[in-house]
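The exercises below are to be worked with the sequence and the 3D view open. Each has a task sentence, followed by a solution in steps.

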2 protein chains.
Amino acid sequence: METNLASEPLYQRVAHHYRGAIRAGTLAPGARMPSVRSMTRLHQVSLSTALQACRHLEDEGLLEARPRSGYFVRMARRLAMPPAREPDTAEAVDAARYVGIHDRVSAFVAQGERSAVKHDFAAAYAAPEQYPGEALKNAAMRALRQHPDLLVKPVGSSGDAGLRAVLARRALDAGMQLTAHDIVITQGCVESLNVALRAVCQPGDTVAVESPAYYGLLQVLESLSLRALEIPTSPSTGLSIEALELALQTHERIQAVVVVPNFQNPLGCVMPDAHKQRLVELCSRFEVPVIEDDTYSALCDDGVPLKAVKAWDRDGSVIHCASLRKTLAPGLRLGWVSGGRWHARIQMLKYAQSRANEALSQITAAEFIASSAYDRHLARLRRLLKAQREQVAECIVASFPEGTRFNVPAGSLLLWVQLPEGCEAQRVSDAALERGIRVVPGPLFSNSKRYDNCLRISSGFPVTAEAQQGLRELGRIAGGLINGMP
Amino acid sequence: METNLASEPLYQRVAHHYRGAIRAGTLAPGARMPSVRSMTRLHQVSLSTALQACRHLEDEGLLEARPRSGYFVRMARRLAMPPAREPDTAEAVDAARYVGIHDRVSAFVAQGERSAVKHDFAAAYAAPEQYPGEALKNAAMRALRQHPDLLVKPVGSSGDAGLRAVLARRALDAGMQLTAHDIVITQGCVESLNVALRAVCQPGDTVAVESPAYYGLLQVLESLSLRALEIPTSPSTGLSIEALELALQTHERIQAVVVVPNFQNPLGCVMPDAHKQRLVELCSRFEVPVIEDDTYSALCDDGVPLKAVKAWDRDGSVIHCASLRKTLAPGLRLGWVSGGRWHARIQMLKYAQSRANEALSQITAAEFIASSAYDRHLARLRRLLKAQREQVAECIVASFPEGTRFNVPAGSLLLWVQLPEGCEAQRVSDAALERGIRVVPGPLFSNSKRYDNCLRISSGFPVTAEAQQGLRELGRIAGGLINGMP
């Protein structure tokens, strides 16, 4: 580089000076740049050349201009890393398979519970203190006082009518038109997925899923003796509608399509509305039910509600599943399902599987969600998650080996990190757990070997100096394991 | 009768006098008999003849002697009705069938929720006020105060360790040797049955069940595409071991046997210990797992713990399922399962089906069960249930049509009433519901027509004058529908 400096334009030379400082961390993320005036003195250049250098660095994503404040080093230096690799949709889709993921998931859960975890980057929800624990506790105590026989009185079979009513009201904002009668309360989204799949599939059937897919879904499929057909999924726009269409044309016995349209787990991508609409039209044409898991949509950075796939449902062929675990309280087991034309069967299956949920948590959640406190909580949580995500992304950029790729989603709390080829995520995960660092390795999200170099890293925690230390250590472990090196 | 009086022994004449008064209600149930001395004066007989008359009435079940208090009219005049008919074990067992009970159960649940029910004789648990609502409420509030982040913090995968420890301690009294690690907490016994059956069966398999069987179990079987093979079951000693042995010899693909050994639902019978032992040995020999639903055993009148079938388990082939819903709190969804040699698979299935239970109810229940308050509650509940059962039995004797048969179990809260042949229980149930009276008709408990004349009547409520009125009305409805009349 040095040798070319003389032939470079002046502004490039100035930019080069600061680019190095930013990459070295001398100018830390969020730091204010030296003033343009001081740059003119230091580099003996004109004001316009100094400004041009700053704009150039801004174009590179290293600086950001703040109105009336000048230039600052961007919080996330993510542009220093390439975006996540897109899937090759021309590649033939794998044959539908029984998943074979039970052992992996059970081992992962057991390993996590056995180990002394200092840094849990695996949990797909925010830290307890980022949820309204105090307000929910008070709501629960009020409910206990107001209904002294709450714990000893049985409840109706579809769940608390009050909770179903507020959920129906919230669904309106996501483009759905539901009433309380269209909703069954479940023990969380995993139970919703269970009853939804049991309502439309028989053992042996094939279910089209995103690739990579949430391991919880793959485990549900396996436990129900269903085959997973992994459809190429873009880290930026979600399930490939073209690839799904091809699969529906060529595979028999696809009995359902399961998608996470908003902030997909693990990719973090959001399906564009046009894709959601095409998905519904396509599946309706092939008479295949769509099951959507819409657990994360309330966690979008800008707070503008994302539409559910069910918003385009015209003939009851979309089953909508969701949960309050990520948005309201990880300690509550509250999900729900709206079953479209399979609703009666889903009601029956929920009853046959675990009867109605307890009343206390339903009343507690209903009171909180109906109040403006829920919106205030969501606004705060979104702000926190956005800042944490940027900070975690920064740490990854700073510490992970060259060749690492990832996108930073516009909401929620999951980062899908593609390590350089040859860097085995399972070995990274194992080595990290020995040091008290927990992440989810890529092989949990697929039946293929396609994600063996990927990690899912959560940003649902305050990025303290200690957490940064944990992320740096994780990056060092990954760097040390490239090409199988120790 | 009058004409024979002169030739009767003296003590018979005396007994006759009082028998008439007892049957007419002049001497009410629970009333003290006139003193033996006053009988000698009234009837001009010797003391030994008066005593002989009393003993004769005692043998007939009309009187009971209470130490140092004399004779009293028995609370239940049930001996005026014949005991429940025993099954014909020589009859060939029906072919194993997919149950086809979904619609019946769904209709029954929906019908009950739609109707204005004044008298709920269908609920298989005691009235809310007979459970420790206040103490549980206080325990829940304490738990919320002590763990302010309880609702926002996720929980471990097998359930609260404290609750599992106290359940293991209680299991010891039922003859089982378990540790907390052998227990998975579930959303109630129905979820326990689901994961137990899913652990040992594949769709299409046959499961041997009692006949009649709990409709919840039949529904679980149907929802899992399992076939039910109904084994003759005695209303007094439970599942016929001989009939089961024959079935195991002649049917292929029996992959599990499900029994309710203690206070079977709906029969109320208790399997003698010798039968339990033979059941375990038989199934072990045929390498078929036994799944026991031991939900009611703590409700035995005398408080002497009944043994679980698992007490005889030597090779891990018994899966023990239970629940706290009937004994502690109908509003809590807390069951458990101890999976023997399938325990790891059951843990995995529970995780894949609905994740871990919420912590609050587990901590609440654990605190209460660990204290002596639980034993005091159980003692009180047993006393209440015994008295209520006797009173309900009396009402049935007094109001139901001739030819009605039933046993009165020595615990729990279910009465299985065989109406006279030709009296259709479904019609009785429908007509009763129109008058606000809810019972469970026999067809819900079998895939055969064998119990079309049976009703399950709960005695889990205070037998007020109003409740007695409801039972009398039920008896009149049944009487009016004999042979399809009117």
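**Exercise 1. A salt bridge in chain B and its counterpart in chain A**

Task: In this predicted model, find the salt-bridge partner of B:Asp313 and state whether the two residues are buried or exposed.

Solution.
Step 1. The partner is B:Lys310, and the closest N and O atoms of the pair are 2.9 Å apart.
Step 2. Both ends are covered: B:Asp313 is buried, and B:Lys310 is buried too.
Step 3. Now turn to chain A, where A:Asp313 forms a salt bridge with A:Lys310, with 2.9 Å between the closest N and O atoms.
Step 4. Buried means under 20% relative accessible area. A:Asp313 has 12% relative accessibility and therefore counts as buried. A:Lys310 has 10%, so this residue counts as buried as well.

**Exercise 2. A salt bridge within a helix**

Task: Describe the salt bridge between A:Asp273 and A:Lys276, and classify each residue by its accessibility.

Solution.
Step 1. The two side chains meet at 3.5 Å, N to O.
Step 2. Both residues belong to helix α10 (residues 273-285) of chain A, where they are 3 residues apart, about one turn of the helix.
Step 3. An α-helix has 3.6 residues a turn, so residues three or four places apart point the same way.
Step 4. A:Asp273, at 37% relative accessibility, counts as partly exposed. A:Lys276, at 0%, counts as buried.
Step 5. For context, a search of the whole structure finds 34 salt bridges over all chains.

**Exercise 3. A four-strand sheet in chain B**

Task: Work out the strand order of the open sheet that holds β14(B), and explain why β13 and β16 of chain B stand at the edges.

Solution.
Step 1. Start from strand β14 (residues 414-418) of chain B. With strand β13 (residues 405-406) of chain B, β14(B) is joined by 2 bridges, and the two run antiparallel. Within this pairing, B:Arg405 has B:Gln418 as its bridge partner.
Step 2. β14(B) also pairs with strand β17 (residues 454-458) of chain B, antiparallel, over 5 bridges. Here B:Leu414 is matched with B:Ser458.
Step 3. β17(B) in turn pairs with β16(B) in the antiparallel sense over 2 bridges. B:Val440 is found opposite B:Arg456 in β17(B).
Step 4. The order is thus β13-β14-β17-β16 in an open sheet of 4 strands with antiparallel pairing. β13 and β16 (440-441) of chain B each have a single partner strand, so one side of each is left without a neighbour in the sheet.
Step 5. Check how β14(B) is covered: 5 of its 5 residues are buried. B:Leu414, B:Trp416 and B:Gln418 point one way, while B:Leu415 and B:Val417 point the other way.

**Exercise 4. A covered helix in chain A**

Task: How many residues of helix α8 of chain A are buried, and which are they?

Solution.
Step 1. Helix α8 spans residues 215-223 of chain A, and 8 of its 9 residues are buried.
Step 2. The buried residues are A:Tyr215, A:Gly216, A:Leu217, A:Leu218, A:Gln219, A:Val220, A:Leu221 and A:Ser223.
Step 3. After the helix comes A:Ser225, with a positive phi near 55°.

**Exercise 5. The largest nonpolar core**

Task: Which residues touch the most other members of the largest nonpolar core, and which helix supplies the largest share?

Solution.
Step 1. The core has 98 residues, and A:Leu163, A:Leu328, B:Leu163 and B:Leu328 touch the most other members.
Step 2. Helices of both chains supply at least two residues each, among them α6 (161-173) of chain A and α6 (161-173) of chain B. The largest share, 7 residues, comes from α12(A).
Step 3. Beyond its neighbours within four places in sequence, A:Leu163 is in contact with A:Ile185, A:Leu334, A:Gln362, A:Ala365, A:Ala366 and A:Ile369.

**Exercise 6. The interface and the domains**

Task: Describe the contact between chain A and chain B, then locate the domains of chain A.

Solution.
Step 1. Contacts link 60 residues of chain A with 60 residues of chain B.
Step 2. The buried area between the chains is about 4,700 Å², and carbon and sulfur atoms give 59% of this. In chain A, the residues that lose the most area to chain B are A:Leu151, A:Val152 and A:Glu358, together 15% of what that side buries.
Step 3. The count of salt bridges between chain A and chain B is 0.
Step 4. Chain A is divided into domain 1 (2-74), domain 2 (114-128 + 375-484) and domain 3 (133-373). The C-alpha centres of domain 1 and domain 3 of chain A lie 48 Å apart.

Methods. Residues numbered from 1 in each chain as written. Chains lettered and ligands numbered in written order. Predicted model: local features only at pLDDT ≥ 70, side-chain atom pairs only at ≥ 80, totals over all residues. Heavy atoms only, no water. Domains from an automatic or database assignment. Buried < 20%, exposed > 50% of the residue type's maximum accessible area, 1.4 Å probe, protein only. Pairing = 2+ DSSP bridges. Core = buried A, V, L, I, M, F, W, Y, C linked by side-chain atoms within 4.5 Å. Contact = heavy atoms within 4.5 Å. Salt bridge = Lys/Arg side-chain N within 4 Å of Asp/Glu carboxyl O. Buried area = accessible area lost by both parts, 1.4 Å probe.
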